[in-house]
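Student: Could we go through this model together, one question at a time?
Tutor: Gladly; here are the sequence and the structure.

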Amino acid sequence: TTPSVSAGNLWKTHASSQTLTTFDNGTPGQIIIVISTAAVVFAISGNLQAGSTNITTASGDVTTWVYDGTNWYLLSWMDDSENLSGAGGF
């Protein structure tokens, strides 16, 4: 699927498994946040840039993407199942 992101910057996926291949109607410099509500595959080919393999998120995971006018680049991925409490303190 290729959802349009022209109407905002915060998105929740459908509550069923799906594969995203791009985000349509982005504006250069736009940053979007995608909250997964089911298993979501981000197909890393074409204009989704995040390394060399597809990313599969689970319900509760959050990804952040930025658009340069041609490609969407993954900025961050928060895995909701990871326990970050022991990651070192500040």
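Tutor: Before we start, one definition: two strands pair if DSSP finds at least two bridges between them. Please keep in mind that this is a predicted model.

Student: With that in hand, in strand 8, what is the bridge partner of valine 66?
Tutor: Strand 7 and strand 8 are paired in the antiparallel sense, with six bridges. In strand 8, the partner of valine 66 is tyrosine 73.

Student: And in strand 7, what is the bridge partner of isoleucine 31?
Tutor: Strand 3 and strand 7 run antiparallel and are joined by five bridges. Across this pairing, the partner of isoleucine 31 in strand 7 is valine 66.

Student: In strand 8, which residue is the bridge partner of glutamine 49?
Tutor: Here the sense of pairing is parallel: strand 5 (residues 48-49) and strand 8 (residues 72-78) share two bridges. The partner of glutamine 49 in strand 8 is tyrosine 73.

Student: Which strands stand at the edges of the sheet?
Tutor: The open sheet has five strands with mixed pairing, in the order 1-3-7-8-5. An edge strand has a single partner strand, so one side of it is left without a neighbour in the sheet. That describes strand 1 (10-12) and strand 5.

Student: What is the pattern of the chain, read along the sequence?
Tutor: The chain has zero helices and eight strands. Read along the sequence, that gives β-β-β-β-β-β-β-β.

Student: In the hairpin of strand 7 and strand 8, which residue takes a positive phi?
Tutor: Four residues lie between the two strands of this hairpin. The phi in question is near 105 degrees, and the residue is glycine 69.

Student: Is threonine 64 buried or exposed?
Tutor: Threonine 64 is placed in strand 7. Leaving aside neighbours within four places in sequence, its contacts are Ile31, Ile32, Ile33, Tyr73, Leu74, Leu75 and Ser76. Its relative accessible area is 15%, and the cut-off is under 20%, so threonine 64 counts as buried.

Student: How about threonine 22: which side chain does it join in a polar contact of 2.5 Å?
Tutor: Threonine 22 sits in the loop between strand 2 (18-20) and strand 3 (31-35), and it is buried, at 11% relative accessible area. Beyond four places in sequence, it is in contact with Thr1, Thr2, Pro3, Asn47, Leu48 and Trp72. The side chain at the other end of the polar contact is that of asparagine 47.

Student: How far apart in space are threonine 22 and phenylalanine 42?
Tutor: In sequence they are 20 residues apart. From C-alpha to C-alpha, the separation is 8.2 Å.

Student: Which elements give two or more residues to the largest nonpolar core?
Tutor: In soluble globular proteins, nonpolar side chains tend to be buried together. Here the largest core has 13 residues, and Phe23, Ile32, Phe42, Leu48, Trp65 and Trp72 touch the most other members. The elements giving two or more residues to this core are strand 3, strand 4 (40-42) and strand 7 (62-67).

Student: Finally, what radius of gyration does the chain have?
Tutor: The C-alpha atoms fill a box of roughly 40 × 30 × 25 Å along the principal axes. For 90 residues, a compact globule would have a radius of gyration near 12 Å. The chain agrees with this, at 13 Å.

How values were computed:
Residues are numbered from 1 along each chain as its sequence is written. This is a predicted model: local features need pLDDT of at least 70, side-chain atom pairs count only at pLDDT 80 or more; totals for chains, interfaces and linings use all residues. Side-chain values use heavy atoms; hydrogens and water are left out. The radius of gyration is taken over C-alpha atoms; the globule rule is 2.2 Å times the number of residues to the power 0.38. Buried means under 20% relative accessible area, exposed over 50%, partly exposed in between (1.4 Å probe, protein chains only). Contact means heavy atoms within 4.5 Å. A polar contact is a pair of N or O atoms within 3.5 Å; within protein, one must be able to donate a hydrogen and the other to accept it, and residues adjacent in sequence count only if both atoms are side-chain atoms. A nonpolar core is a set of buried Ala, Val, Leu, Ile, Met, Phe, Trp, Tyr and Cys residues joined through side-chain atoms within 4.5 Å.
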